[in-house]
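Q: I'm new to this structure and would love a close look at one part of it. Could you start with a place where two helices pack, and then show me what surrounds it?

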Amino acid sequence: MLATWTPDQEFNQVRQRSGADMKRKLNWYDLVALGVGGMLGVGVFVTTGPVALHQSGPSVFISYIIAGISALLSSLCYTEFAVQVPVAGGAFSYLRLTFGEFMGYFGGANILMEYVFSNAAVARSFTEYLSFAFGENNPNVWRVEVHGLPKDYNMLDFPAVALILLLTLCLCHSTKESSILNLVMTIFHVIFFGFIIVAGYCNGSAKNLVNPKGIAPYGVRGVLDGAAIVYFSYIGYDSASTMAEEVKDPYKSLPIGIVGSVLITTLLYCLMALSLCMMVPYNKISEKASYSMAFLNIGWSWASNIVGAGASLGIVASLLVAMLGQARYLCVIGRARLVPSWLAKVHPSTGTPLNATIFLGKQIVLFSRFQLSGFCTASIALFTELDIIIELISIGTLMVFYMVANALIYRRYCGNSNNNGGVLYSLVAS
């Protein structure tokens with residue numbers, strides 16, 4: 001539980017347990033695209049509408065600024081660790097090298113929970129926006145209602161499950177090809193964001209930012225509560241750190257990829273939030289498919305279909321990146337033998353963690369020990385409403401980022417000579 005590893009042991013002895021090495025094919029722009037793609041499909045399309053309606057009002061863009069600053073500071077912690085320890089394990093490896101096996105496992109379990117729940121949340125939003133892309137104004141039109149199940153758990157989302165399984169097959173093939181696919185989708189998605197921003201500003205009114213109850217109708221507390229919720233939108237930048245073993249020049253590319261993606265995403269989030277609140281007064285924003293409904297309210301039904309198609313594309317990119325990082329976390333946890341070691345195997349021809357990817361994408365369940373798998377992602381997306389999922393994610397995200405920040409402080413000022421001291425420091429800080 002208290003044993004720590006040196007970076008040299010992690011690079012050589014531990015990494016050899018995967019058999020073949022992951023192939024180094026990614027450049028800095030691949031990492032920026034992965035970070036941006038991993039975040040953009042989540043934020044504005046999943047959290048902006050509900051937060052503006054219930055927490056922040058028109059000041060939701062301020063909530064995004066606060067969350068963005070916090071994410072930037074957190075990303076700097078990840079960047080420093082990623083340059084020092086360029087291995088695929090992300091937060092799990094950083095905590096394991098600093099505080100020992102137990103803290104690494106605890107952080108890894110939280111980060112996997114975060115990924116599984118966020119994937120489920122985004123997959124359910126995919127179904128809502130896809131229905132608008134095909135001209136259906138009911139976000140539940142493609143879901144199946146099952147009578148007898150509890151409320152909020154009775155709408156079965158089969159398109160979300162199908163999407164998760166399809167992406168799993170893509171990720172098994174090649175990391176580079178998956179990255180290229182994400183790069184193309186991200187470019188189209190940013191262009192699509194530009195359309196929504198310009199259309200919102202041209203057809204909206206600044207009066208909607210102060211009507212009916214001012215820019216911050218719920219006060220400072222509402223803005224901060226909104227920031228806590230929209231921080232969910234920044235899940236994804238840490239995916240770049242999990243790709244460290246597949247980057248050609250990790251010392252240059254990782255800082256650009258991690259920090260650059262957070263800055264770009266924060267700017268786009270703020271502009272998109274302002275666009276929505278200018279089009280529709282905050283008290284009339286729809287919780288479901290907020291942007292599509294906003295365009296319907298201003299009479300642009302054709303734009304509502306475009307928004308549905310663009311949002312669906314962004315959500316696919318977000319899921320692709322999240323599942324990419326998720327499999328690498330599980331692979332490195334397998335190297336540490338905290339889960340079965342066959343999950344750590346890297347396929348010699350594809351250079352991808354094939355077993356971990358399939359395990360997380362297909363219906364393989366080991367609830368007795370891990371409680372996290374692709375079956376969980378699919379089943380959560382199948383049954384559970386969005387607001388419940390977002391609330392569950394918040395605590396796991398906070399815990400992992402907090403632990404990484406503490407690990408960086410300890411590693412910088414205390415070194416790593418006393419294993420028990422490292423664990424003690426973590427416990428006291430927590």
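**A helix pair and its surroundings**

A: Let's begin with the residues themselves. On the helix 2 side, W28, L31, V32, G35, V36, M39 and L40 make the contact, and they meet S253, L254, I256, G257, S261, V262, I264, T265, L268 and Y269 of helix 12. Sorted by kind, the residues of this contact are twelve nonpolar, five polar and no charged. Please keep in mind that this is a predicted model.

Two packed helices are described by the angle between their axes and the distance between the axes. Here helix 2 covers residues 28-40 and helix 12 covers residues 250-279, and their axes come within 8 Å of each other while crossing at roughly 35°. The crossing of helix 2 and helix 12 is right-handed.

Now for the wider setting. The protein holds 18 helices and two strands. Of its 430 residues, 59% are buried. If you take contacts between residues at least 6 apart in sequence, 81% of them join residues at least 24 apart.

Next comes the nonpolar interior. The largest nonpolar core contains 110 residues, and F45, Y78, Y237 and Y291 are the ones with the most contacts inside it. Helix 14 (residues 301-335) gives the most to this core, namely 18 residues. There is also a second, separate core of six residues, with V116, F117, F232 and I235 among them.

Y78 is a good residue to zoom in on. Setting aside its neighbours within four places in sequence, Y78 is in contact with A91, Y94, I111, Y237, D238, S241, I258, Y329, V400, F401 and V404. One of these partners, Y329, is a useful next stop. Y329 sits in helix 14. With a relative accessibility of 0%, Y329 counts as buried. Apart from its neighbours within four places in sequence, Y329 is in contact with Y78, G89, G90, A91, F92, I111, L112, Y115, D238 and T242. For G89, the C-alpha atom lies 5.0 Å from that of Y329, although the two residues are 240 apart in sequence.

A91 and F92, two of the residues that Y329 contacts, bring us to helix 6. This helix spans residues 91-99 and is mostly covered, with nine of its nine residues buried. They are A91, F92, S93, Y94, L95, R96, L97, T98 and F99. Just after helix 6 comes G100, which takes a positive phi of about 110°.

Helix 13 (residues 290-297) is another one to look at, and its buried residues include S290, Y291, S292, A294 and F295. Y291 is also one of the residues with the most contacts inside the largest core. After helix 13 you will find G299, with a positive phi near 90°.

Let's finish with the charged pairs. Side chains of opposite charge can pair when their charged atoms come close. The count of salt bridges comes to four, and three of them are worth visiting here.

One is formed by the side chains of R412 and E80, at 2.5 Å from N to O. R412 belongs to helix 17 (residues 386-413) and E80 to helix 5 (residues 60-84), so this pair ties together parts that are 332 residues apart in sequence. R412 is partly exposed, with a relative accessible area of 46%. E80 also counts as partly exposed, at 25% relative accessibility.

Another joins E246 and R328, whose side chains meet at 2.7 Å, N to O. This pair links distant parts of the chain: E246 is in the loop between helix 11 (239-242) and helix 12, while R328 is in helix 14, 82 residues apart. Both E246 and R328 are buried. This brings us back to helix 12, which took part in the crossing with helix 2.

The last pair on this tour is D225 with R221, whose closest N and O atoms are 3.1 Å apart. Both residues lie in helix 10 (residues 219-230), four residues apart, or about one turn of the helix. D225 counts as partly exposed, at 31% relative accessibility, whereas R221, at 62%, counts as exposed.

Technical notes: Residues are numbered from 1 along each chain as its sequence is written. This is a predicted model: local features need pLDDT of at least 70, side-chain atom pairs count only at pLDDT 80 or more; totals for chains, interfaces and linings use all residues. Side-chain values use heavy atoms; hydrogens and water are left out. Axes are lines fitted to C-alpha atoms, for helices over the stretch in contact, and angles run from 0 to 180 degrees between N-to-C directions. A crossing is left-handed if the near helix is turned anticlockwise from the far one by less than a right angle, and right-handed if clockwise. Contact means heavy atoms within 4.5 Å. Ala, Val, Leu, Ile, Met, Phe, Trp, Tyr, Cys and Pro count as nonpolar, Asp, Glu, Lys and Arg as charged, and the others, Gly among them, as polar. A nonpolar core is a set of buried Ala, Val, Leu, Ile, Met, Phe, Trp, Tyr and Cys residues joined through side-chain atoms within 4.5 Å. Buried means under 20% relative accessible area, exposed over 50%, partly exposed in between (1.4 Å probe, protein chains only).
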